[in-house]
Amino acid sequence: MADYPTSFGKDDLLKCARGELFGPGNAQLPEPPMLMMDRITDISGDGGAHGKGHVLAEFDITPDLWFFECHFPGNPIMPGCLGLDGLWQLTGFNLGWRGWTGRGYALGVGEVKLKGMVRPDRKMLTYKIDFTKAVQTRRLTMGVADGIVEADGEVIYEVKDMKVALSES
């Protein structure tokens with residue numbers, strides 16, 4: 001494991017987006033407005049439900065977030081794909097946090113269940129990711145994880161078998 005802290009504030013996440021946290025050419029978060037979290041409250045390479053690593057993170061919801069204006073006019077809802085992207089972002093972040101190198105990209109997801117909505121009156125999303133597999137070989141660096149997104153404590157999204165890889169090319 002690399003020697004990184006187990007929690008990160010917004011400034012740290014923005015450093016990651018600029019390629020300053022894990023180094024150029026390595027795991028990188030998107031910049032706002034596509035950055036889908038405000039802080040990582042806990043991260044590990046050996047914790048979680050399966051002992052393979054986990055991530056806990058939060059995203060503050062405010063009525064002025066960019067997506068509420070356009071999705072949908074008169075009926076604002078956060079697109080579910082943005083919650084899924086937040087889970088992928090955090091899964092890739094965990095791989096970089098482990099000290100593994102390469103640029104991150106999503107490989108897919110086995111199952112997605114959307115059980116609720118994020119409207120402008122919500123206050124906070126909580127992401128919970130549990131790795132089921134984390135592999136680094138000469139040819140493959142990949143994490144497989146399950147995740148949930150909670151809105152103010154209510155589970156609204158569930159995913160199984162998210163896959164994120166790091167590639168040197």
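Reader: Why is Ser44 called buried?

Author: This is a predicted model, and in it Ser44 has a relative accessible area of 9%. Buried means under 20%, so Ser44 at 9% counts as buried.

Reader: Where does Ser44 sit, and what does Ser44 touch?

Author: Ser44 belongs to strand S1, residues 39-44. Leaving aside residues up to four places away in sequence, Ser44 touches Gly53, His54, Asn94, Trp97 and Arg98.

Reader: What does the side chain of Ser44 reach?

Author: The side chain of Ser44 gets to the backbone nitrogen of Gly47, at 2.8 Å. A polar contact needs N or O atoms within 3.5 Å, and 2.8 Å fits that cut-off.

Reader: On to helix H3. How do you know that its length agrees with what a helix should span?

Author: H3 covers residues 80-97, which is 18 residues. The expected span is 1.5 Å times one less than the number of residues, and that comes to 26 Å for H3. The end C-alpha atoms are 26 Å apart, so the two values agree.

Reader: What makes H3 mostly covered?

Author: Of the 18 residues in H3, 15 are buried. Right after the helix comes Gly99, with a positive phi near 95 degrees.

Reader: How many salt bridges are there, and what makes Glu20 and Arg18 one of them?

Author: The structure holds eight. For Glu20 and Arg18, the closest N and O atoms are 3.1 Å apart. The cut-off is 4 Å, so the pair counts as a salt bridge.

Reader: Are those two partners buried, exposed or partly exposed?

Author: Partly exposed is the label for values between 20% and 50%. Glu20 has 49%, so Glu20 is partly exposed, and Arg18 gets that label too, at 43%.

Reader: How do you know that Glu111 and Lys113 form a salt bridge?

Author: Their closest N and O atoms are 3.6 Å apart, and that is within 4 Å. Glu111 is partly exposed at 37%, and Lys113 is partly exposed at 40%.

Reader: And what about Glu154 and Arg122: what makes that pair a link between distant parts of the chain?

Author: Glu154 forms a salt bridge with Arg122, the closest N and O atoms being 2.9 Å apart. Glu154 is in strand S7, while Arg122 is in the loop between strand S4 and strand S5, and the two are 32 residues apart.

Reader: Why is Arg122 called buried, and why is Glu154 called partly exposed?

Author: Arg122 has 16%, which is under 20%, so Arg122 counts as buried. Glu154 has 37%, so Glu154 falls in the partly exposed range.

Reader: Which residues do shared salt-bridge partners join into one network?

Author: Arg39, Glu58 and Asp60.

Notes. Residues numbered from 1 in each chain as written. Predicted model: local features only at pLDDT ≥ 70, side-chain atom pairs only at ≥ 80, totals over all residues. Heavy atoms only, no water. Helix = DSSP H or I, 4+ residues; strand = E, 2+ residues; numbered from the N terminus. Buried < 20%, exposed > 50% of the residue type's maximum accessible area, 1.4 Å probe, protein only. Polar contact = N/O pair within 3.5 Å; in protein donor to acceptor, adjacent residues only side chain to side chain. Contact = heavy atoms within 4.5 Å. Salt bridge = Lys/Arg side-chain N within 4 Å of Asp/Glu carboxyl O.
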